[in-house]
Amino acid sequence: MPINGDPLVETYERNNSFTTIRSLIMLRIMHMESEEGKEILNEIVNNPLLLREYIENEFKKENKTNEEKLEAIQNELNPSSGNKKPSVNKIMKICKNKKITSQRISTKQRTTIRDLLIESEIFEILQYEKPIIIVLDNAKIHQATDVEIACEILNIEFIFLPKYSPDLNPIEDLWKIIKRIVYTSHYTNEKELIDIIVDEFYKNVGRESLIENWVEEFL
């Protein structure tokens with residue numbers, strides 16, 4: 001919800017540090033002049049290494065098959081040399097497969113998108129672009145280390161509101177408007193609900209009444 005810029009709404013199944021970084025990249029793409037920079041950032045957010053399906057398959061490859069487990073246990077029980085005693089803990093570790101959880105996947109997405117940013121040439125390009133200043137709340141994901149790294153690379157600065165002060169955040173008034181519409185709307189599935197929210201966001205985000213008093217008082 002910009003005071004001087006274009007609005008952006010992103011919808012995700014899960015809100016975490018990875019999705020925050022991705023949204024910051026999308027916001028930066030919208031507010032930069034360099035076409036080369038836009039191309040680099042678009043390649044990053046669309047990199048197949050970030051796909052959940054790809055990461056799940058890579059995690060599955062890390063888990064041993066039953067034959068590989070049996071061979072590893074036999075090697076542990078019958079060391080080829082030395083007097084090393086078999087380790088019960090190591091055998092238990094061999095037998096267990098690491099669970100492929102949503103948290104593991106999102107963590108891999110976060111570290112991957114961070115590394116893609118670090119390894120790109122976007123930092124140098126963005127030194128010639130106008131900085132973006134975002135006023136936001138103190139959610140933990142906004143203060144994550146990798147989010148801070150992304151902000152530094154993307155030439156974005158965060159200004160955090162005082163804790164427990166939603167009245168200072170003009171986006172809260174926009175959500176009130178959207179909620180009223182949602183409560184009186186008919187929808188039959190999640191997609192229709194999301195479409196209503198996104199549509200109302202863009203329809204109402206330009207209301208001067210949402211920010212004029214806030215700007216006068218706090219800027």
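These exercises with worked solutions deal with a predicted model.

**Exercise 1. The largest pocket**

Task: Find how much space lies in the largest pocket, which residues lie nearest its centre, and which element gives the most to its lining.

Solution:

Step 1. Start with the volume: the largest pocket holds about 1,800 Å³ of space.

Step 2. Turn to the lining. It is made up of 47 residues, and those nearest the centre are Met-1, Leu-8, Leu-27, Ile-134 and Val-135.

Step 3. Assign the lining to elements. At least two residues each come from α1 (17-30), β1 (132-136), α9 (171-183) and α10 (190-204). The most is given by α1, with seven residues.

**Exercise 2. A salt bridge before and in α1**

Task: Locate the two partners of the salt bridge between Glu-10 and Arg-22, and state which parts of the chain the pair ties together.

Solution:

Step 1. Look at the distance. The side chains of Glu-10 and Arg-22 meet with N to O at 3.1 Å. A salt bridge requires these atoms to be within 4 Å.

Step 2. Place the partners. Glu-10 lies in the segment before α1, whereas Arg-22 is in helix α1, so the bridge ties together parts twelve residues apart in sequence.

Step 3. Check the surroundings of Glu-10. Its relative accessible area is 26%, so Glu-10 is partly exposed.

Step 4. Put the pair in context. The whole structure has ten salt bridges. Side chains of opposite charge can pair when their charged atoms come close.

**Exercise 3. A salt bridge within α10**

Task: Decide for Glu-200 and for Lys-203 whether the residue is buried or exposed, and find how far apart the two are in helix α10.

Solution:

Step 1. Confirm the pairing. Glu-200 and Lys-203 form a salt bridge, with 3.2 Å between the closest N and O atoms.

Step 2. Count along the helix. The two residues are three apart in helix α10, so about one helical turn separates them.

Step 3. Compare accessibility with the cut-offs, which are under 20% for buried and over 50% for exposed. Glu-200 has 10% relative accessibility and is therefore buried. Lys-203 has a relative accessible area of 53% and is therefore exposed.

**Exercise 4. A network of salt bridges**

Task: Name the residues linked with Arg-114 in a network of salt bridges.

Solution:

Step 1. Begin with one pair. The side chains of Arg-114 and Asp-115 form a salt bridge at 3.0 Å, N to O.

Step 2. Extend from the pair. Arg-110 and Asp-146 are linked with Arg-114 and Asp-115 in a network of salt bridges.

Step 3. Add the accessibility of one member. Asp-115 is at 29% relative accessibility, so this residue counts as partly exposed.

**Exercise 5. Around α3 and α6**

Task: Describe the places and contacts of Gln-109 and Ile-100.

Solution:

Step 1. Gln-109 is part of helix α6 (residues 102-119). Its relative accessibility is 6%, so Gln-109 is buried.

Step 2. Apart from neighbours within four places in sequence, Gln-109 contacts Phe-18, Leu-50, Arg-52 and Ile-55.

Step 3. Ile-100 sits in the loop between α5 (88-95) and α6. At 31% relative accessibility, Ile-100 is partly exposed.

Step 4. Not counting residues up to four places away in sequence, Ile-100 touches Glu-56, Phe-59, Lys-60 and Ile-105.

Step 5. Take two distances. The C-alpha atoms of Ile-100 and Ile-55 are separated by 9.4 Å, with the residues 45 apart along the chain. For Lys-64 and Ile-100, 36 residues apart along the chain, the C-alpha separation is 14 Å. Lys-64 is in the loop between α3 and α4 (66-77).

**Exercise 6. A nonpolar surface patch**

Task: Which residues form a nonpolar patch on the surface with Leu-51, and where is Leu-51 placed?

Solution:

Step 1. Leu-49 and Tyr-54 join Leu-51 in the patch, and together the three have about 250 Å² of accessible area.

Step 2. Leu-51 is in the loop between α2 (35-45) and α3 (52-62). Its relative accessible area is 46%, so Leu-51 is partly exposed.

**Exercise 7. Positive phi**

Task: Where in the chain are Asn-155 and Tyr-164 found, and what is the phi of each?

Solution:

Step 1. Asn-155 is in the loop between α8 (145-154) and β2 (156-160). Although not a glycine, Asn-155 has a positive phi of about 60 degrees.

Step 2. Tyr-164 lies in the loop between β2 and α9. Its phi is positive at about 55 degrees, and Tyr-164 is not a glycine either.

Step 3. With 81% relative accessibility, Tyr-164 counts as exposed.

Definitions and conventions
Residues are numbered from 1 along each chain as its sequence is written. This is a predicted model: local features need pLDDT of at least 70, side-chain atom pairs count only at pLDDT 80 or more; totals for chains, interfaces and linings use all residues. Side-chain values use heavy atoms; hydrogens and water are left out. Patches are made of residues with over 30% relative accessible area and no salt bridge: like charges are joined within 9 Å, nonpolar side chains (Val, Leu, Ile, Met, Phe, Trp, Tyr) within 5 Å. Accessible areas come from the Shrake-Rupley method with a 1.4 Å probe; for residues, only the protein chains shown count as cover. Helices (H or I, at least four residues) and strands (E, at least two) are DSSP runs, numbered from the N terminus. Buried means under 20% relative accessible area, exposed over 50%, partly exposed in between (1.4 Å probe, protein chains only). Contact means heavy atoms within 4.5 Å. On a 1 Å grid over the protein atoms alone, a cavity is a set of points where a 1.4 Å probe fits but cannot get out, and a pocket is an open set with protein on both sides within 12 Å along at least five of seven lines; lining residues have an atom within 4 Å of a point. Grid points are joined across faces, edges and corners, and a volume is the space filled by probe spheres set on the points.
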